[in-house]
Amino acid sequence: MARFPENFLWGGATSAAQIEGARCEDGKGLSHLDYVFFRGAKIPCNFMLTRDLQRARAEEATLNFPNRRGIDFYHRYKEDIALLAEMGFKSFRMSISWTRLFPTGREEKPNPEGVEFYHRVFRELHKYGIEPLVTMIHYELPIGFVDECNGWESPTIIPYCVKYLKFLIDEYKDEVTYWLTFNEINMVTAVPWLGGGILLDRDGAIEVPKTFRPFGPMPPKLEERWNRASHQALHHQFIASALLVKYAHDTAPRCKIGNMFNLHHLYPETPSPRDAFRAHEESEYNMFFCDVMAKGAYPAWILSYYKRHNIHIDWYENCEQILAEGKVDFISLSYYLSTIVTGDPERQERIGSFIRRLQNPYIETSEFGWQIDPTALRISLNELRDRFNLPIYIVENGLGAFEELGEDKTVHDDYRVAYLRRHIEAIGQAIEDGVDVIGYTPWGCIDLVSCSLVSMSKRYGFVYVDADDEGNGTYDRYRKDSFYWYKKVIASNGEDLD
Ligand code: BG6
């Protein structure tokens with residue numbers, strides 16, 4: 001087993017919307033994720049249309065909005081950080097809630113109570129020698145921008161967002177070294193509501209039949225609208241990110257800024273050239289989200305991809321220079337699964353924006369249908385090294401499972417240990433291959449609200465939180481078996497994985 005570098009940043013990851021709760025406390029405003037309502041423990045609900053948002057508002061008193069409760073980190077952060085410290089964390093990934101600092105996104109001055117909350121959290125982390133890794137935007141945007149300009153589809157949001165991002169650097173640059181601008185920036189093209197607060201059917205832009213399911217077959221008109229709106233939004237996020245990176249480099253040189261993208265590893269279904277080209281095209285598309293942020297320009301081939309897929313966006317006059325001046329310092333990624341691509345248009349199953357995928361019969365699947373493939377992580381890390389030659393921070397990975405607290409007040413999650421062990425082994429092998437991996441923060445180190453399902457019952461944590469999908473429970477925390485295992489892994493710097 002390869003030795004992990006000294007100072008390797010072992011830790012865990014979370015986001016504000018999924019943990020903080022206290023959604024209207026101390027001056028906080030509401031974000032678009034606060035309007036996503038629970039529909040069932042296995043029903044994805046983070047794709048919203050106008051009718052869904054209208055319903056969320058009309059039935060606000062009776063619908064269930066788990067993100068508004070989170071796991072009450074806002075009040076329990078000291079207890080939670082003490083548990084992370086007990087595991088020996090070196091790094092804790094969290095996000096700052098834009099609406100806790102700027103409740104509507106348009107205020108001149110930030111909300112002092114929000115500003116102070118994050119100072120308190122950073123102080124608590126540093127008390128235990130834990131390095132904060134901060135995502136500036138983990139999907140969330142103030143709900144007013146959805147109403148006013150359809151979220152990230154419009155450039156209107158850019159100056160307000162950049163003001164917020166710059167404020168974070170000015171205020172916290174001495175407490176936070178590692179920053180990520182946008183969480184999973186590619187999610188805006190896969191799920192435009194989630195990643196960009198975009199209602200695809202806003203103002204009657206398109207009619208979406210009631211029978212439509214976001215990950216099922218796509219009517220051509222909707223596909224066109226989806227592609228246009230989401231790639232325009234992506235361009236706006238690239239610009240906002242690059243403006244921040246330049247600002248941070250100029251004013252806070254000790255800070256290191258990373259991108260963050262959701263890595264898919266794709267295999268062709270067969271060795272046929274048609275499948276192989278399709279897999280190649282989709283893999284390149286996945287890497288393009290890094291290309292722009294790490295190399296500072298859209299690669300030439302993506303422009304022909306845009307043409308082939310009928311994607312037309314407004315580029316703006318000075319965007320080339322902005323992107324060129326805002327190259328990130330390291331690559332960061334989430335990695336959960338690999339998939340198979342077929343070139344056969346009849347057999348393509350639509351998942352996300354462009355991803356047509358099939359299940360791989362050679363690898364196992366979690367109870368939520370996510371395919372478990374540590375080898376693909378090793379392969380992708382090698383590819384990323386060759387393409388970017390930058391340090392890599394793996395900021396999400398993990399296994400979501402239904403779990404219950406046993407009578408012995410713990411959870412025997414040997415399946416999670418097995419999952420993480422295999423992924424840590426793969427990372428060790430990639431390090432041996434010469435990849436510069438600087439840290440690993442598995443997702444949901446403490447149980448939190450699921451992003452796609454807004455449920456509590458899909459759990460990732462080393463720590464169990466006693467809360468259910470309806471918000472019942474004591475919210476007390478309990479160590480799972482994986483807690484003690486991960487503690488040993490960290491203490492041995494990845495040597496002891498038994
Ligand atoms: C990532 C997101 O896509 O996946 C997280 O950055 C999310 O916010 C995680 O929670 C796991 O997804 P889910 O839907 O299982 O919570």
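Start by selecting β10, helix α16 (residues 414-432) and β11: together they make a right-handed β-α-β unit. As you look around, keep in mind that this is a predicted model.

**Stop 1: strand β10 and its neighbours**

Now select residues 392-396 alone, which make up strand β10. Is this strand mostly covered or mostly open? It is mostly covered, since five of its five residues are buried.

Next, add the partner strands. Show strand β7 (residues 331-341), which pairs with β10 in the parallel sense over four bridges. To find a spot where the two face each other, label S332 and look for Y393 in β10, which stands opposite. Then show strand β11 (residues 437-440): β10 and β11 also pair in the parallel sense, over three bridges. Here the pair to label is I392 and V437, with V437 in β11. In general, strands of a sheet pair through backbone hydrogen bonds, either parallel or antiparallel.

**Stop 2: the whole sheet**

Zoom out and colour the strands. How many strands form the open sheet? Nine do, and you can walk across them in the order β5-β4-β3-β2-β1-β11-β10-β7-β6, with parallel pairing. At the edges you will find β5 (256-258) and β6 (261-268), each of which pairs on one side only. Tilt the view as you go: on average, neighbouring strands of this sheet are turned by 30 degrees against each other, direction ignored.

For another pair in this sheet, select strand β3 (residues 131-137) and strand β4 (residues 178-182), which pair in the parallel sense over four bridges. Label L133 and you can look for its bridge partner, Y178, in β4.

**Stop 3: the ligand**

Select the ligand and show the residues around it. Which of these 14 residues come nearest? They are E184, C451, S452, K458 and Y460.

Now try some distances in your viewer:

- Q18: an N or O atom in its side chain is 2.9 Å from an oxygen atom of the ligand.
- E396: an N or O atom in its side chain is 2.7 Å from an oxygen atom of the ligand.
- S450: a polar atom of its side chain lies 3.3 Å from an oxygen atom of the ligand.

How much of the ligand does the protein bury? Taken alone the ligand exposes 380 Å², and the protein buries 95% of that.

Keep C451 on screen and add N46. A polar atom of the N46 side chain lies 2.7 Å from the backbone oxygen of C451. N46 is in the loop between α1 (16-19) and α2 (50-58), and N46 is buried, with a relative accessible area of 6%.

**Stop 4: two loop residues with positive phi**

Before the last stop, here is some background: most residues other than glycine have a negative phi.

Select N389, in the loop between α15 (374-388) and β10. Although N389 is not a glycine, it has a positive phi of about 50 degrees. Is N389 buried or exposed? N389 is exposed, with a relative accessible area of 66%.

Then move along to K409, in the loop between β10 and α16. K409 is also a residue other than glycine with a positive phi, in this case near 60 degrees. K409 is partly exposed, with a relative accessible area of 48%.

To finish, select β10, α16 and β11 again and you are back at the right-handed β-α-β unit.

Note on methods: Residues numbered from 1 in each chain as written. Predicted model: local features only at pLDDT ≥ 70, side-chain atom pairs only at ≥ 80, totals over all residues. Heavy atoms only, no water. Buried < 20%, exposed > 50% of the residue type's maximum accessible area, 1.4 Å probe, protein only. Pairing = 2+ DSSP bridges. Right-handed = clockwise from strand over helix to strand, strands pointing away. Axes fitted to C-alpha atoms, helices over the stretch in contact; angles between N-to-C directions. Near = heavy atom within 4 Å. Polar contact = N/O pair within 3.5 Å; in protein donor to acceptor, adjacent residues only side chain to side chain. Areas by Shrake-Rupley, 256 points an atom, 1.4 Å probe, with all protein chains shown as cover.
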